[in-house]
Every structure is written in structure tokens, then in C-alpha cells.
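I sat down with this one to see what packs against what, and I kept notes as I went. Here they are, in the order I looked things up.

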Amino acid sequence: MRLVSLLFHDVYASDPHESGFRSPAADRYKLTVPNFEAQLDGLAAVDVDTPWLATEFARTTEPPIPDPGSRIPAVITFDDGGESYYTVAAPRLEALGWRGHCFVSTNFIGHRGFLTTSQLRELDARGHLIGSHSASHPARFNSLTLAGMRAEWSDSRQKLEDLLGHAVTVGSVPGGYFSADVAQTAADAGLHVLFTSEPTTRMAPAHDLLLIGRFTIRRGHPPDAAQRFVAGAPWARCGAWIGWNTKALVKPVLGASYARIADWLLAPRSAEHHG
């Protein structure tokens, strides 16, 4: 089975530092409120099935088989656990009758710009799926030791389960730094579904869990990017896949310099965007 999973981060009214991590690297993925609403409007205009939640297939590593006559399956996810999921994203999703996935880096719960325990409990009660995005959001998750990866997943999952009062079996990979060991340690920690940042519509069983790729919506994308990814516009998904794989080749070569170079390359777009 194939589906289109969309990856968002934070949304802000006037300053990117209102929600989530405060850095140039994080800011590259943040949208203004009007830009975010334009993405949802475009998505709503597509003949898309009501966005799915991973709880529908979190108990099995076999991808679900949809009704042949059903509409396009789609999934909406947000990474990091910034407060804007509660203040902006969730209300706008609910107005459309939708719910989303909120993946939380649990060491930051209650910190400035991040979700609080009461907000997370309320979102969970309102039908949003709260999942793990590791404990500390390491800069390069796949460079940790196996023990370090397991601890990141286990600590995060345990904190969320204690907070919400029920099992948490869905997570997403921080920073897109995926590897077979990342998947294995997530499964070892009790996760059943793991979202990556690879822009693919394919769901695949691996290491006793289900891997799901995602198409990132970021600053500078056209307002109909989500619509184009879901509707399968020519070259939209292919272009995202080529871009992601190019980055995957470059990141190991540049190492810690990658983020600084990416910030420099995107600086003109940032100025134009905020001007």
C-alpha cells in the first residue's frame, strides 16, 4: 500500500522563535500562519481521504489494504513538540475534521516555546496522536551508540506513557538521520511505527516495525506544495526524492558544516520570505 505522509514543524505569527527550537537550522522548517493555512486549504481542495492516524496500523508490521474505491490516503505529522501545534495547528486541523500526529522531544516538554504536560494531555484527549521524537533530539541521531539510541527512544516513550496514561507505540526520527540501527533500536524500545524523512509513498516492514516516509513542507515552498504532493503533481514527489537523496550523499561529507552551509545558501530566500 502507498500513502502520502506530510511533515510539518512549527508555525508562527511574527517570529520563528515563538515555537520550537530556536536556531537558523530549525527556522528553515517553520511556516508563517498564512503559509500554513494555505497548505491546509490546498490539501482540503484535493479529493483526499480524511487524514489517517498511525494507530490504525500501529499493531502490525503489515501495511493495511485500503478499499480499492477509497480516496487518497494521507497522513499529517509535526515534529519537535513546539507549542504552535496546540495554539495554531490543532485548531485548524480540527476545523477541517482532521487530526494529526505530534511527535515530541520529551526533554523539552514545558520549556519556552514547547508543549506543556497539560497541553499534551488535552491534545491526546482531543484525538491527536502523541508520539516520540526521541528524548533530547540529538544533532545526528544515527551517530549515537546502540545503547544511546535505545535510551533516547525508551526514555521518551516512558515519559509520554506516564504523562498520557496509555501505550505510545509511534515515533519519528529526529533530523532525518535514519539507519537500520535507528529502526532496530526503536523496535527494541517498543515502537511499532516509525516515520522517517525520506520522501516516499511506500510503507515497508523492517525490524519488527512499520517504516513510513514523509514529504517535508518547509519555508520557501509554494503554497500548494502539500496539495501537489498528495495529488501526485508531475515531478513534485520525484523532485522531493531527488533533493532528499542528494542531501543524504552530501551530509556525511560535510559533517557538522552541513547546517552552516545550508543556512548560508538559504539566506537570500529567508530575506525575501520575511521581507
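**Entry 1: a charge over a ring**

I started with R218, whose charged end sits over the ring of Y29, 4.9 Å from the ring centre. A reminder to myself before going further: this is a predicted model.

**Entry 2: aromatic pairs**

Next I looked up the aromatic pairs, and the structure holds 10 of them. I picked F8 and F36 to begin with; their pair is edge-to-face, with 5.5 Å centre to centre and 90° between the planes. Why does this pair tie together parts that are apart in sequence? F8 lies in strand β1 (residues 4-8) and F36 in helix α2 (residues 33-44), so the pair joins parts that are 28 residues apart in sequence. I checked accessibility as well, and both F8 and F36 are buried.

Then I turned to F103 and F195, which form a tilted pair with 5.5 Å centre to centre and 50° between the planes. This pair links distant parts of the chain, since F103 is in strand β5 and F195 in strand β8 (residues 193-195), 92 residues apart. Both F103 and F195 are buried.

I also asked which residues cluster with F8, and found that F8, F36, F78 and Y85 form one aromatic cluster.

**Entry 3: the largest core**

I went on to the largest nonpolar core, which has 38 residues. Which of them touch the most other members? I noted L6, F8, F36, F78, Y85, I130 and F229. The aromatic cluster of F8, F36, F78 and Y85 is thus listed there in full.

For the elements behind this core, I wrote down those giving two or more residues: β1, α2, β4 (74-78), α3 (84-95), β5, α4, α5 (146-164) and α7 (225-231). Helix α3 gives the most, with 5 residues.

**Entry 4: around F8 and Q39**

I listed the contacts of F8, leaving out residues up to four places away in sequence: F8 touches L31, F36, Q39, I76, T77, F78, D79 and I217. Q39 caught my eye there, so I followed it up. Q39 is found in helix α2. Is Q39 buried or exposed? With a relative accessible area of 2%, Q39 is buried. Leaving out residues up to four places away in sequence again, Q39 touches F8, L31, I217, H221, P222, P223, D224, A225 and A226.

**Entry 5: a parallel strand pair**

I wanted to see how β5 is paired. Strand β5 (residues 101-104) and strand β6 (residues 129-132) pair in the parallel sense over 4 bridges. From β5 the chain crosses through helix α4 (residues 117-125) to β6, and this β-α-β crossover is right-handed. I looked up one bridge by residue: the partner of C102 in β6 is I130. I had already met I130 among the core residues that touch the most other members.

**Entry 6: helix α6 and a second core**

I moved to helix α6 (residues 180-188), where V182, A183, T185, A186 and A187 are buried. What do the buried residues of α6 pack against? I found α5, β8 and β10 (209-212). Just after α6, G190 takes a positive phi of about 100°.

There is also a nonpolar core of 15 residues, separate from the largest one, and it includes A183, A186, A189 and L209.

**Entry 7: the loop between β9 and β10**

I then checked for unusual backbone angles. Most residues other than glycine have a negative phi. H207 has a positive phi of about 55° although it is not a glycine, and D208 has one of about 65°, again without being a glycine. H207 lies in the loop between β9 (203-206) and β10, and D208 lies in the loop between β9 and β10 too. How accessible is each? H207, at 33% relative accessibility, counts as partly exposed. D208, at 65%, counts as exposed.

**Entry 8: one last loop**

I closed with A167, which lies in the loop between α5 and β7 (170-172). At 53% relative accessibility, A167 counts as exposed. I also looked up its spacing to R157: A167 and R157 are 10 residues apart in sequence and 8.4 Å apart in space, C-alpha to C-alpha.

Methods. Residues are numbered from 1 along each chain as its sequence is written. This is a predicted model: local features need pLDDT of at least 70, side-chain atom pairs count only at pLDDT 80 or more; totals for chains, interfaces and linings use all residues. Side-chain values use heavy atoms; hydrogens and water are left out. Two strands pair if DSSP finds at least two bridges between them. A crossover is right-handed if, with the strands pointing away from the viewer, the path from the first strand over the helix to the second runs clockwise. Rings of Phe, Tyr and Trp (its six-membered ring) pair if their centres lie within 6.5 Å; planes under 30 degrees apart count as stacked, over 60 as edge-to-face and the rest as tilted. Buried means under 20% relative accessible area, exposed over 50%, partly exposed in between (1.4 Å probe, protein chains only). A charge sits over a ring if NZ of Lys or CZ of Arg is within 6 Å of the ring centre and within 35 degrees of the ring normal. A nonpolar core is a set of buried Ala, Val, Leu, Ile, Met, Phe, Trp, Tyr and Cys residues joined through side-chain atoms within 4.5 Å. Contact means heavy atoms within 4.5 Å.
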